[in-house]
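Good morning, and thank you for the opportunity to speak. Please turn to the structure on the screen, and we shall go through some of its side-chain pairs together.

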Amino acid sequence: MSRSGELAAARPRLAVAAAPSPAAFAQWLAELAFGGAGWPELLAAVAERTGAACRLVAETGELLADSDGAGGPGRDAAPDDVRRALAAGRAGGAGPPGGVPTTVRCADGWAGRAVAVGAGPRRIGALLLAEPVSTGQWELAAAATTALLIEAVRHESPPPAVRDAPTVLRALRDGPGGPAGSPSAPRMGEAELLRAGAAHGWRLDQPHAVAGIAYTGEQQRRWASALSWLDRPVLAEGRLAWTLLHGDVEREVTRLRARLDQIVGPGQVRVVAGALVTGPARTAASFRDADRLLRLLLRSSDERSELPFGQAGLAQVLLAVPDERLRWFVHRHLGPIAHRDDLLRTLDCWLATGGSRQAVSERLHLHRNSVGYRVGLIKRLLGVDPLDPRTVAVLRTALVARELLAASEAG
């Protein structure tokens with residue numbers, strides 16, 4: 001059997017309706033790419049799903065692959081057209097039909113609408129979909145860019161600057177003048193860190209935050225591949241990874257998680273961000289915040305997949321408090337029930353619901369009478385009414401402090 005025949009036989013089934021969502025189509029194509037599909041087969045899948053022929057061209061206009069497999073000379077795209085289309089895409093104008101024109105013409109007279117294919121410094125060129133193009137077709141074509149990038153990453157060697165990024169991130173975690181250097185984490189001064197960061201696109205003299213990423217799935221090779229094609233260098237440490245964010249950090253956290261979800265599958269990635277800091281001397285503090293928040297998020301019983309510093313609530317303040325003070329505070333206000341997880345969960349729900357016995361009963365799957373008994377026991381052991389306005393803030397703070405301490409000890 002030929003290589004294309006083998007890939008076709010092993011192709012995962014697209015378990016969606018005749019008109020799949022772009023997200024489902026992107027996930028399916030990523031499965032194909034991880035299974036060894038090259039650009040020609042990926043383009044053939046796009047053409048089959050959209051009903052339109054397509055071509056992949058480099059930024060120079062060179063034809064890289066097409067959906068019909070014809071190839072050959074005389075089918076390259078006009079370089080000026082490609083540059084205009086990609087410039088429009090970077091400016092936010094290369095949207096569905098009706099926006100800024102992004103038509104690219106080829107030497108054989110063929111014309112298609114362009115979708116930029118690239119992530120950060122890694123750019124392939126443009127995916128062209130034969131005109132005319134509907135909004136639905138364009139969205140499906142745009143969903144193919146991740147799979148095309150996966151195939152590109154598989155064959156390229158990482159540039160030296162990317163290979164060196166983990167060393168810079170380790171040095172930033174230690175801070176300028178940190179522990180004695182080693183080959184993996186050499187001691188670097190502030191000026192050297194500024195220069196090294198700039199080589200990777202990090203403006204350490206501008207506000208930035210450390211992002212912590214955790215993978216909860218089982219496919220380690222896929223996780224490593226997903227990290228390799230992100231639009232920023234990372235420090236990978238098993239199931240955890242670290243990088244730096246600029247700009248709107250909360251939006252970047254969501255974008256980072258969504259990109260990884262597209263490769264490893266939804267619900268298997270957690271992303272947090274430490275506080276915004278300025279200067280390489282402060283990056284270590286953002287690292288510490290991100291580490292604590294990531295462990296906190298991984299311990300959480302809810303379904304949150306993101307926890308940027310700006311959404312961390314009381315933890316924003318408590319992260320700066322020494323553990324010794326947190327332990328004292330927890331012992332002072334929760335001591336009599338500190339080892340009763342059942343009472344701590346009940347107290348947490350009681351405060352969160354404003355003292356609704358019905359709501360606590362539903363959350364903890366308890367009988368209403370059991371809730372009443374537990375709350376009565378909490379009042380007797382602590383000697384306070386949890387809903388007293390003077391007490392609520394103290395108990396809520398103590399509960400969050402206890403979770404932070406537990407997260408630290410778990411690490």
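In this predicted model, three aromatic pairs are found when the whole structure is searched. One of them joins Phe25 and Trp28, a stacked pair with 6.0 Å from centre to centre and 25° between the planes. Helix H2, covering residues 22–34, holds both Phe25 and Trp28, which are three residues apart, about one turn of the helix. Both Phe25 and Trp28 are buried.

Another pair is made by Trp242 and Phe287. How are these two rings arranged, given centres 6.0 Å apart and planes at 55°? The pair counts as tilted, because planes under 30 degrees apart would be stacked and planes over 60 would be edge-to-face. The pair links distant parts of the chain: Trp242 belongs to strand S8 (residues 240–245) and Phe287 to helix H11 (residues 280–299), with their positions 45 residues apart in sequence. Trp242 has a relative accessibility of 3% and is therefore buried. Phe287 is buried too, with a relative accessible area of 3%. Phe287 has a further partner, since Arg173 lies over the face of its ring, at 5.8 Å from the ring centre.

Let us turn to the charged side chains. How many salt bridges does a search of the whole structure find? The search gives 25.

Consider Arg75 and Asp68, whose side chains meet in a salt bridge at 3.3 Å, N to O. Is each partner buried or exposed? Arg75 is buried, as its relative accessible area is 12%, while Asp68 counts as exposed at 53% relative accessibility. Arg75 and Asp68 also belong to a network of salt bridges that links them with Arg55, Asp66 and Asp108.

A second example is the salt bridge between the side chains of Arg255 and Asp231, at 2.9 Å, N to O. Arg255 is in helix H10 (residues 249–264), and Asp231 is in the loop between H9 and strand S7 (235–237), so this pair ties together parts that are 24 residues apart in sequence. With a relative accessible area of 29%, Arg255 is partly exposed, whereas Asp231 is buried at 15%.

Helix H10 also supplies Arg257, which is tied to Glu306 in strand S10 (residues 306–308); the pair therefore joins parts 49 residues apart in sequence. The side chains of Glu306 and Arg257 meet in a salt bridge at 2.5 Å, N to O, and both residues are buried.

I should also like to point out Arg222, in helix H9 (residues 220–228). Arg222 is buried, its relative accessible area being 12%. Which residues does Arg222 contact, leaving aside its neighbours within four places in sequence? They are Gln27, Glu31, Phe34, Ile263 and Val264.

Finally, a word on confidence. The mean pLDDT of the chain is 83, and 85% of its residues reach 70 or more. Over residues 1–17, however, the pLDDT is below 50, although this stretch has 21 contacts in the model beyond near neighbours in sequence. The pLDDT is also below 50 over residues 158–163, a stretch with four contacts in the model beyond near neighbours in sequence. Where pLDDT is low, the predicted coordinates should not be read in detail.

Key
Residues are numbered from 1 along each chain as its sequence is written. This is a predicted model: local features need pLDDT of at least 70, side-chain atom pairs count only at pLDDT 80 or more; totals for chains, interfaces and linings use all residues. Side-chain values use heavy atoms; hydrogens and water are left out. Helices (H or I, at least four residues) and strands (E, at least two) are DSSP runs, numbered from the N terminus. Buried means under 20% relative accessible area, exposed over 50%, partly exposed in between (1.4 Å probe, protein chains only). Contact means heavy atoms within 4.5 Å. pLDDT is the predictor's confidence in each residue, from 0 to 100. A salt bridge is a side-chain nitrogen of Lys or Arg within 4 Å of a carboxyl oxygen of Asp or Glu. Rings of Phe, Tyr and Trp (its six-membered ring) pair if their centres lie within 6.5 Å; planes under 30 degrees apart count as stacked, over 60 as edge-to-face and the rest as tilted. A charge sits over a ring if NZ of Lys or CZ of Arg is within 6 Å of the ring centre and within 35 degrees of the ring normal.
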